Amino acid sequence: MSVGSGFQRARRHAGLGLLAAVILLAAPTPAGAHAAPTLIAAIASILAAPPVPYAALGMVVADAATGEPRLTIRPDAPMIPASAMKVLTSAVAWRKLGPEDRFHTRLAAVAPIQGGRLLGDLVLAGEGDPALSRSDLVGLARDLRARGITWVEGDLVVDASRVAGPGWSPGWSVDDLTKSYAAPVSALNLEANLRPEAATPSPRLVPVADPVAATAEVMRTALADAGVTLRGQVRAGLTPRAAAILAERRSAPLAELLTPMNKDSHNLYAEALFRRLGADAGGTWEAGARAVTQGLYELGVATEDVRVADGSGLSRYDLVTPRAMARVLASMYESEAFVRSLPVAGMDGTLARRFGDSPLRGRLRAKTGTMSGVSTLAGYLEGTHGRTWSVTIMVNGFTGSVRPVQAMQDALLEQVWRALEAEL
């Protein structure tokens with residue numbers, strides 16, 4: 001039974017309290033979506049007295065292997081996903097780049113080397129590795145010295161062209177820009193583009209204003225410490241076409257980068273992949289948005305079912321329908337590394353403190369999404385008889401604490417699980 005069509009006939013601003021009645025009155029449709037009476041009854045009692053009566057709820061429960069929906073509530077309503085946007089970014093990156101794709105950070109040059117002297121410029125080129133560390137730059141400098149190079153006659157040219165500025169997307173709150181979770185992305189993301197806040201009793205990490213300049217300065221110091229003298233200056237530029245790679249650091253493969261991105265909801269990882277997807281078209285946020293939208297279309301998501309503004313979900317301009325999220329989950333179900341990258345209920349990541357005393361502990365793997373007025377869960381729910389369902393539950397438009405909304409989501413999923421288990 002599809003409950004989406006029934007809800008659409010309700011008032012535009014109908015709350016969750018009305019939703020229970022709409023579920024019970026909704027007529028079957030030929031679309032194939034349905035809900036058994038026990039499933040409807042299980043959730044209706046919770047939605048009859050919701051903690052946030054005027055919020056909007058969208059929900060899809062489907063067979064994870066086939067994508068066949070079992071329950072839909074407003075499946076075609078565009079909603080803000082918050083960090084659940086990372087599910088979409090992960091899926092497109094997996095399909096477009098591949099699980100073995102890596103970011104590279106290189107030292108290169110076109111000038112000849114004579115007697116330990118590089119007779120020209122040395123280029124530092126980055127692709128946006130979100131896990132680039134000081135030790136990586138130290139390693140690059142030492143590798144250069146190990147080649148016998150002790151003198152650079154020219155400049156240190158910093159090529160950060162693979163990611164265009166600004167390092168954020170439209171729809172990011174200005175209040176977020178000073179927070180550690182909203183560090184700007186660049187082609188050279190050293191130490192997650194964070195620094196300790198100065199002159200405070202308990203320093204907190206804050207975003208670096210200019211990640212490329214900060215990385216270049218660390219690279220200059222690393223060269224000096226390794227015994228490589230730089231005669232010239234540090235300046236921006238591009239890698240010459242005929243440049244030879246003198247030293248290189250590679251990131252972990254994409255399949256491994258998804259773990260901090262999804263379990264810990266690391267925004268910089270998502271933004272780095274987002275810009276990488278659009279790197280060949282200028283590395284702008286617009287190029288990333290076009291690449292992700294096209295990638296989702298190729299996965300079967302209609303363009304009208306999604307609006308992409310960034311890769312992490314920090315933007316309030318991101319919109320996705322529950323049906324689109326469910327479609328992406330179905331497309332990724334066979335990708336074990338992706339499924340493993342999702343937080344496990346009651347055990348790790350952003351779900352470590354939820355579902356602790358629930359039968360869903362260890363059975364639910366889902367990406368969370370939380371910001372003011374937004375709470376989302378999107379992932380997979382395992383049964384006890386070898387069946388797995390994809391679950392998407394999105395709530396938008398509430399005020400106050402997110403905790404009552406999360407408690408409602410937890411209760412809904414537990415009742416859905418019990419009803420589905422009872423059918424087997």
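This report describes the overall fold, one helix, one buried aspartate and several salt bridges of a predicted model.

## Overall architecture

The protein chain is built from 12 helices and 18 strands. Its C-alpha trace extends over about 85 × 45 × 35 Å along the principal axes, and its radius of gyration of 24 Å agrees with the value near 22 Å that a compact globule of 424 residues would have.

Of the 424 residues, 57% count as buried. Among contacts with a separation of 6 or more, 72% are made by residues 24 or more positions apart.

## Helix 4

Helix 4 covers residues 85-96, and its 12 residues should span 16 Å at 1.5 Å a residue, which agrees with the 17 Å between its end C-alpha atoms. Because 10 of these 12 residues are buried, helix 4 is largely enclosed by the rest of the structure. The buried residues are Met85, Lys86, Val87, Leu88, Thr89, Ser90, Ala91, Val92, Ala93 and Trp94. Just after the helix, glycine 98 adopts a positive phi of about 95 degrees.

## Aspartate 318, a buried acidic residue

Aspartate 318 sits in the loop that runs between strand 14 (306-307) and strand 15 (319-320). Although buried, aspartate 318 has no salt bridge, and the nearest side chain of opposite charge, that of arginine 307, is 6.9 Å away. Since a salt bridge requires a nitrogen-to-oxygen approach within 4 Å, that 6.9 Å separation does not qualify.

What lies by the side chain of aspartate 318 instead is backbone nitrogen: that of alanine 309 is 2.7 Å from one of its polar atoms, and that of aspartate 310 is 3.3 Å from a polar atom of the same side chain. Leaving aside residues up to four places away in sequence, aspartate 318 touches Met79, Ile80, Pro81, Met85, Arg307, Val308, Ala309, Asp310 and Gly313. One of these contacts, Met85, is itself among the buried residues of helix 4.

## Salt bridges

The count of salt bridges in the model comes to 20. One of them joins arginine 323 and aspartate 76, whose closest N and O atoms are 2.7 Å apart. This pair links distant parts of the chain, as arginine 323 belongs to helix 10 (residues 322-332) and aspartate 76 to the loop between strand 2 (69-73) and helix 4, 247 residues apart. Arginine 323 is partly exposed, with a relative accessible area of 35%, and aspartate 76 also counts as partly exposed, at 35%.

A second long-range pair is formed by aspartate 348 and lysine 263, with closest N and O atoms 2.9 Å apart. Here the partners are 85 residues apart, aspartate 348 lying in the loop between helix 11 (336-341) and strand 16 (364-371), and lysine 263 in helix 7 (residues 254-263). Aspartate 348 is partly exposed at 25% relative accessible area, whereas lysine 263 is buried at 13%. Elsewhere, salt bridges that share partners join Asp101, Arg106, Glu127, Glu248 and Arg276 into one network.

## A pair within helix 6

The salt bridge between arginine 220 and glutamate 217 has an N to O distance of 3.6 Å. Both residues belong to helix 6 (residues 211-225), where being 3 residues apart separates them by about one helical turn. An α-helix has 3.6 residues a turn, so residues three or four places apart point the same way. Arginine 220 counts as partly exposed at 30% relative accessibility, as does glutamate 217 at 42%.

Note on methods. Residues are numbered from 1 along each chain as its sequence is written. This is a predicted model: local features need pLDDT of at least 70, side-chain atom pairs count only at pLDDT 80 or more; totals for chains, interfaces and linings use all residues. Side-chain values use heavy atoms; hydrogens and water are left out. Helices (H or I, at least four residues) and strands (E, at least two) are DSSP runs, numbered from the N terminus. Buried means under 20% relative accessible area, exposed over 50%, partly exposed in between (1.4 Å probe, protein chains only). Lys and Arg count as positive and Asp and Glu as negative; His and the chain ends are not counted. A polar contact is a pair of N or O atoms within 3.5 Å; within protein, one must be able to donate a hydrogen and the other to accept it, and residues adjacent in sequence count only if both atoms are side-chain atoms. Contact means heavy atoms within 4.5 Å. The expected span of a helix is 1.5 Å times one less than its number of residues. The radius of gyration is taken over C-alpha atoms; the globule rule is 2.2 Å times the number of residues to the power 0.38.
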